[in-house]
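Colleague: I am new to this structure. Could you take one part of it, look at it closely, and explain what surrounds it?

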Amino acid sequence: VRCTQACTVATLRKSARGKRRWVGLDIVDSIQSREELEAILSQITCLGDNFRLYDFNQGKAIIRIPLDVYNSARPILQEGIQGIVSVTSSGKIKLVRVRMGLEVKRRKR
């Protein structure tokens with residue numbers, strides 16, 4: 001396979017990407033959309049825009065947050081805010097998915 005010009009772009013090494021935590025959340029039934037959930041999470045001051053919603057299915061969600069933000073956000077999420085409660089967290093998304101019983105739908109390429 002011949003490399004095109006797109007292959008010349010340097011990528012960040014793993015250590016330069018920054019550490020993160022994956023947090024599994026239980027969501028109340030009244031929150032029906034990703035947009036609603038993201039709006040509530042963005043109201044948490046220590047999170048701000050420093051999170052990304054990955055999975056949202058069957059009243060469960062998984063978000064990714066930077067490790068430096070995690071220490072201040074953890075007590076808030078464990079206590080619960082507007083029907084969102086932290087259930088588990090890990091440095092690996094696969095472990096959080098297993099603990100919460102979520103399956104990943106693989107995309108066909």
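**A close look at T88**

Modeller: T88 has a relative accessible area of 11%, so this residue counts as buried; the cut-off for that word is under 20%. The model is a predicted one.

T88 sits in strand β4, which covers residues 84-90. Leaving out residues up to four places away in sequence, T88 touches W22, V23, G24, V96, R99 and M100. With one of these, R99, there is also a polar contact, side chain to side chain, at 2.9 Å.

Take V23 next. V23 belongs to strand β1, residues 20-27. Its relative accessibility is 2%, and therefore V23 is buried as well. With residues up to four places away in sequence left out, V23 is in contact with A61, I62, I63, I65, Y70, L77, S86, T88, S89 and V96. V23 also comes within 6.4 Å of R64, C-alpha to C-alpha, although 41 residues separate the two in sequence.

V96 appears in the contacts of T88 and in those of V23, which leads to helix α3. This helix spans residues 93-100, and its buried residues are I93, V96, R97 and M100. Viewed down the axis of α3, these buried residues fall within an arc of 100 degrees, so they line one face of the helix. The general background is that an α-helix has 3.6 residues a turn, so residues three or four places apart point the same way. The buried residues of α3 pack against β1, β2 (52-57), β3 (60-66) and β4. On the face turned away from that buried side are the exposed residues K94 and V98. After α3 comes G101, with a positive phi near 75 degrees.

Now the cores. The largest nonpolar core contains 19 residues, and L25, L41 and I63 have the most contacts inside it. Two or more of its residues come from each of β1, α1 (34-42), β3 and α2 (67-79). The most come from α2, which gives four. L41, for its part, is in contact with L25, L47, F51, I63, L77 and I84, its neighbours within four places in sequence aside. A second, separate core has six residues, among them I62, I93, M100 and L102.

This returns to the starting point: M100 is one of the residues that T88 touches, and I62 is one of those that V23 touches.

Terms used: Residues numbered from 1 in each chain as written. Predicted model: local features only at pLDDT ≥ 70, side-chain atom pairs only at ≥ 80, totals over all residues. Heavy atoms only, no water. Buried < 20%, exposed > 50% of the residue type's maximum accessible area, 1.4 Å probe, protein only. Contact = heavy atoms within 4.5 Å. Polar contact = N/O pair within 3.5 Å; in protein donor to acceptor, adjacent residues only side chain to side chain. Arc of directions from axis to C-beta. Core = buried A, V, L, I, M, F, W, Y, C linked by side-chain atoms within 4.5 Å.
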